[in-house]
Amino acid sequence: MSAEIFEKVKQIIAEIESATPQTKEEVEAFRIQYLGTKNQIKPLMGEMRNIPNEEKKAYGQLVNQAKSVAEAKFNALKERAESAADEATAGDIDLTAPAVVEELGSRHPISVTQNKIIDIFGRIGFKVAEDREIEDDWHNFSAMNTPEDHPARDMQDTFYLKDSTSMLLRTHTSSVQARTMKYQKPPIRIIAPGRVYRNETISARAHCQFHQVEGLYVDENVSFADMKQTLLYFAQEMYGPQTKIRLRPSYFPFTEPSAEMDVSCFICDTKGCNVCKYTGWVEIMGCGMVDPKVLENCDIDSEKYTGFAFGMGIERQAMMLYKITDIRLLFENDVRFLKQFTSAI
Ligand code: PHE
């Protein structure tokens with residue numbers, strides 16, 4: 001009889017040893033079975049009264065062994081579960097890892113320069129007008145008094161769309177003059193920034209794509225003096241109050257008279273340096289009085305209205321402002337280059 005009871009305890013010890021609870025639930029079931037208030041080991045102690053005296057000690061020890069095996073096993077299981085839990089959290093977040101530094105973006109120097117120009121003209125009432133880069137022949141050339149056989153078309157090597165003789169990539173923002181005058185009526189006072197394209201060999205000074213800002217003012221009694229004063233204001237706001245301007249006679253099909261405007265070199269103040277190529281002056285734009293023919297092409301009464309227009313390249317001015325010596329840097333988007341520019345506008 002007692003041998004049977006001994007056997008039962010040994011069997012329970014064997015069961016405890018071979019148990020392999022894995023999940024949290026299984027471990028908890030193990031605890032309840034062997035260590036809980038109604039565990040399987042407790043009633044074994046009650047069997048003591050059926051054990052002959054000379055065997056009581058050995059029996060007591062065996063039951064205690066069952067208890068300690070169960071406790072040891074449970075503690076080991078608990079420890080394993082805890083370190084597994086630690087590892088799992090560690091996989092999600094490593095609080096000791098160095099922080100990832102987010103790179104702060106900055107505006108492109110072309111945008112900064114363009115925004116400066118827009119801001120300066122905005123203060124005297126010029127509104128931004130933007131339009132398409134893929135343009136038709138009429139708005140880019142014909143309306144601007146540059147008919148098909150006009151030699152001025154050779155001045156601007158044009159990219160035509162494939163298999164088209166009339167659709168092209170605009171060669172200048174003057175196309176926005178035509179669009180605005182055709183579809184709005186005076187008074188017109190706009191500034192038109194945007195990308196333009198010309199089939200030119202890429203070099204340190206020229207690119208097949210670049211940016212221009214066009215200006216147009218059409219109203220009654222607009223004079224050449226108005227233009228000169230407006231452009232002087234712009235030059236001094238852009239390059240400093242000491243800046244002087246110089247208008248040299250020039251030719252554009254869409255303006256009459258036409259001029260090119262130079263500003264006194266803001267690096268050397270006309271003393272001569274390599275930015276102004278030792279001339280003291282830097283050319284920044286073309287300008288002139290809107291040719292009456294252009295007004296008529298856009299259905300504006302040229303007897304009643306006059307206007308002035310100007311167009312300037314942005315790259316050239318960005319290069320001057322930031323002393324950039326190669327235009328290609330402005331299109332390559334090398335982060336090491338771009339990182340050097342910061343601006344509030
Ligand atoms: N469109 C001319 C150019 O690209 C610039 C210009 C604009 C000249 C307006 C006069 C008036 O060279």
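## A shared arginine

In this predicted model, arginine 179 and aspartate 136 meet side chain to side chain in a salt bridge, at 3.5 Å from N to O. Arginine 179 belongs to helix H7 and aspartate 136 to strand E2, so this pair ties together parts that sit 43 residues apart in sequence.

Arginine 179 has another partner: its side chain also meets that of glutamate 135 in a salt bridge, here at 2.8 Å from N to O. Glutamate 135 is in strand E2 (residues 134–136) and arginine 179 in helix H7 (residues 174–183), so here the parts tied together are 44 residues apart in sequence. As a bit of background, side chains of opposite charge can pair when their charged atoms come close.

## Buried or exposed?

How do these residues sit with respect to the surface, buried or partly exposed? Glutamate 135 is buried, with a relative accessible area of 1%. Arginine 179 counts as buried too, because its 9% relative accessibility falls under the 20% cut-off. Aspartate 136, at 21%, counts as partly exposed.

## The wider network

Which residues are linked with arginine 179 in a network of salt bridges? The network takes in Asp131, Arg132, Glu135, Asp136 and Arg179. Across the model, the salt bridge count comes to 14.

## Another link to helix H7

Lysine 182 forms a salt bridge with aspartate 299, and the closest N and O atoms are 3.0 Å apart. Aspartate 299 lies in the loop between helix H9 (292–297) and E9, while lysine 182 is in helix H7, so the pair ties together parts 117 residues apart in sequence.

As for the surface, aspartate 299 counts as exposed at 51% relative accessibility. Lysine 182 is partly exposed, with a relative accessible area of 26%.

## Strand E9 and its partners

Now for the strands. E9 (residues 306–313) pairs with strand E5 (residues 209–219) in the antiparallel sense, over eight bridges. If you want a spot to look at, find glycine 215, which stands opposite phenylalanine 310 in E9.

Strand E8 (residues 281–290) also runs antiparallel to E9, and five bridges join the two. Which residue in E9 is the bridge partner of methionine 289? That would be phenylalanine 308. One general point to keep in mind while looking at strands: in a regular strand the side chains alternate between the two faces of the sheet.

Conventions. Residues are numbered from 1 along each chain as its sequence is written. This is a predicted model: local features need pLDDT of at least 70, side-chain atom pairs count only at pLDDT 80 or more; totals for chains, interfaces and linings use all residues. Side-chain values use heavy atoms; hydrogens and water are left out. Two strands pair if DSSP finds at least two bridges between them. Helices (H or I, at least four residues) and strands (E, at least two) are DSSP runs, numbered from the N terminus. A salt bridge is a side-chain nitrogen of Lys or Arg within 4 Å of a carboxyl oxygen of Asp or Glu. Buried means under 20% relative accessible area, exposed over 50%, partly exposed in between (1.4 Å probe, protein chains only).
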